[in-house]
Amino acid sequence: MFVCKDNTILDSVIHFDIQGEIVSVERFGSGHINDTFCVKTDHPKGESYLLQKINNHIFTDIPALMQNTKIVLDHLKGKLAHRGQELVEKSTLTLVPTRSGTLFHVDEKQGYWRMFILLERTKSYDIVETEAQAYSGGLAFGEFQMQLADLDASRLVEVLPNFHNIDFRMENLRQAISADSANRVAEVGELLQFIAERETAMRSILLRAEKGELPLRITHNDTKFNNVLLDEQDNVQCVIDLDTVMPGYVAYDFGDAIRTVINSAAEDESDLTKIKLDIRLFSAYTKGYMHAAKHFLTAAEIESLLDGVFLLPFMQAVRFLTDYLQGDSYYKIQYTDHNLVRTKAQLTLVEELEKEKQQLRSILYASLTE
Ligand code: GN1
Ligand code: MG
């Protein structure tokens with residue numbers, strides 16, 4: 001059994017309303033922000049659980065974050081209720097409250113913990129392998145946006161303001177450059193040049209939004225492919241990681257998903273020659289997404305989707321680079337220049353995408369008639 005050095009994990013588990021005695025607690029998943037653990041018990045009919053320590057340096061209003069999660073989950077469950085309880089439990093996350101009925105537990109070191117029921121027999125992929133998987137991912141996020149379309153956005157707190165605002169991200173980068181607190185600016189000149197050349201073009205979604213062309217909807221805002229759980233047959237089962245569900249533009253969700261779907265290498269691949277686009281996967285994801293989304297997207301939103309495809313890897317690179325220049329305080333890293341490697345990988349992806357712009361556009365529009 002894995003036991004955290006200071007025992008805070010086990011001390012936290014016991015506050016949640018779980019069945020049976022704890023058999024094991026093991027680290028789980030590949031998130032960059034929160035710490036996730038799988039908790040198994042000896043209960044004969046019992047479930048396993050996902051315990052998460054929420055990063056409260058990044059998410060500074062955890063009561064609001066958890067309230068958002070509850071509102072979103074209740075809404076999604078309500079949408080699926082007519083299809084039966086079993087389906088609701090399989091297709092949506094279920095929070096496990098603490099024994100005193102609260103949505104999270106705060107330990108004596110001010111660590112914030114929450115728990116979900118683990119969805120058994122599901123898979124998530126850091127790298128997409130087949131068109132069927134990509135299609136399922138597109139369908140999952142298309143349906144997710146559709147199901148949340150009638151949720152009153154004013155009920156959700158914007159937990160991370162300006163999350164996908166490229167002006168905000170560029171401003172953070174500029175501040176990191178002028179502070180140069182980790183003494184790393186000198187080594188990233190070429191990358192900064194690459195970013196500067198594209199900055200204006202990357203403002204296109206903001207410009208459309210300023211002109212009032214794009215409706216603000218409730219979006220997921222972290223649509224990496226591994227935030228969709230697929231079942232054993234690679235059909236959609238559940239969208240996870242609801243921390244950043246907030247008002248946003250659909251192009252952000254589309255672009256962030258494509259960033260991970262189309263890349264045949266990992267987000268942090270250090271061999272840049274391995275970063276290749278798999279256009280078949282773009283096509284399959286887009287078909288899955290449009291199957292649900294073409295019923296509600298406006299013409300201007302459809303037009304903006306491709307801008308999102310370029311923006312999201314670019315913005316991700318800007319964020320990784322900012323963290324690198326600030327001495328790696330935001331994303332978890334596994335080695336010293338991990339954030340630099342991530343930056344280069346994402347910028348290479350932008351470069352590869354630029355070569356295929358026309359083809360991506362044709363595929364996107366073709367998917368509307370299928
Ligand atoms: C972070 O923790 P994780 O892996 O779900 C980040 C996302 C990035 C992603 C890059 C709150 O998500 O915005 O796209 O890393 N989440 C936050 O892999 O910043
Ligand atoms: Mg996340």
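**View 1. Isoleucine 54 faces its partner across two strands of a predicted model.** Start with one pair: isoleucine 54 sits opposite tyrosine 112, which belongs to β5. Keep in mind that everything shown here comes from a predicted model. The two strands in this close-up, β3 and β5, are joined by six bridges and pair in the antiparallel sense. As a bit of background, strands of a sheet pair through backbone hydrogen bonds, either parallel or antiparallel.

**View 2. Five strands line up as an open sheet.** Zoom out from that pair and you can follow the strand order, β1-β2-β3-β5-β4, with antiparallel pairing. Which strands stand at the edges? They are β1 (22-27) and β4 (105-106); each has a single partner strand, so one side of each is left without a neighbour in the sheet. If you want to trace side chains along a strand, remember that in a regular strand they alternate between the two faces of the sheet.

**View 3. β2 has a partner on either hand, β1 and β3.** Strand β2 takes in residues 35-41, and five bridges tie β1 to it in an antiparallel pairing. Look for arginine 27 here, standing opposite phenylalanine 37 of β2. Now follow β2 over to β3 (residues 49-54): five bridges join these strands too, and they run antiparallel. Two pairs are worth finding: aspartate 35 has lysine 53 of β3 as its bridge partner, while threonine 36 has glutamine 52 of β3.

**View 4. At the β4 edge, two bridges do the joining.** How many bridges pair β4 with β5? There are two bridges, in the antiparallel sense, and β5 covers residues 112-117. In this corner, histidine 105 has tryptophan 113 of β5 as its bridge partner.

**View 5. Ligand 1 sits between two domains.** The residues around ligand 1 are Gly31, His32, Ile33, Ile58, Asp222, Lys224, Asp241, Thr244, Glu267 and Gln316. Sort that shell by character and you get two nonpolar, four polar and four charged residues. Why does ligand 1 lie between domain 1 (7-60 + 95-117) and domain 2 (131-369)? Both domains give residues to the shell, so the ligand lies between them. On the annotation side, the unreviewed UniProt entry marks residues 25-264 as "domain: Aminoglycoside phosphotransferase". That stretch, residues 25-264, is 36% helix and 15% strand, and its end C-alpha atoms are 32 Å apart.

**View 6. Nonpolar residues gather in a core.** The largest nonpolar core has 84 residues, and the members touching the most others are Phe254, Ile258, Val261, Leu281, Tyr285, Val309 and Phe314. Which helix gives the most to this core? Helix α10 (residues 299-325) does, with 14 residues. Domain 1 (7-60 + 95-117) and domain 2 (131-369) both contribute residues to the core, so the core lies between them. More broadly, in soluble globular proteins, nonpolar side chains tend to be buried together.

**View 7. Two asparagines have positive phi values.** Most residues other than glycine have a negative phi. Asparagine 183 has phi near 60 degrees, a positive value, and asparagine 221 has phi near 70 degrees, also positive. You'll find asparagine 183 in the loop between α5 (166-179) and α6 (189-198). Asparagine 221 is in the loop between β6 (217-219) and β7 (228-230). Is asparagine 183 buried or exposed? It has 9 C-beta neighbours inside 10 Å, so asparagine 183 counts as exposed. Asparagine 221 has 21 such neighbours inside 10 Å, so asparagine 221 counts as buried.

**View 8. Residues far along the chain meet around helix α12.** Glutamine 359 belongs to helix α12 (residues 357-366). With 13 other C-beta atoms within 10 Å, glutamine 359 is partly exposed. Its C-alpha atom is separated by 8.7 Å from that of isoleucine 279, although the two residues are 80 residues apart along the chain. Where is glutamate 370 placed? Glutamate 370 is in the segment after α12. Glutamate 370 counts as exposed, with 10 C-beta neighbours inside 10 Å. Check the C-alpha atoms of glutamate 370 and lysine 287 as well: they are separated by 7.6 Å, with their places 83 residues apart along the chain.

How values were computed: Residues are numbered from 1 along each chain as its sequence is written. Chains are lettered from A and ligands numbered from 1 in the order in which they are written. UniProt positions are given in the numbering used here, feature names are shortened, and annotations may be inferred rather than shown by experiment. Helices (H or I, at least four residues) and strands (E, at least two) are DSSP runs, numbered from the N terminus. Two strands pair if DSSP finds at least two bridges between them. A residue is buried if 20 or more other C-beta atoms lie within 10 Å of its own, exposed if 12 or fewer, and partly exposed in between; C-beta atoms are placed from the backbone. A residue is near a molecule or strand if its C-beta atom, placed from the backbone, lies within 6 Å of it. Ala, Val, Leu, Ile, Met, Phe, Trp, Tyr, Cys and Pro count as nonpolar, Asp, Glu, Lys and Arg as charged, and the others, Gly among them, as polar. Domain bounds come from an automatic or database domain assignment. A nonpolar core is a set of buried Ala, Val, Leu, Ile, Met, Phe, Trp, Tyr and Cys residues joined through C-beta atoms within 7 Å.
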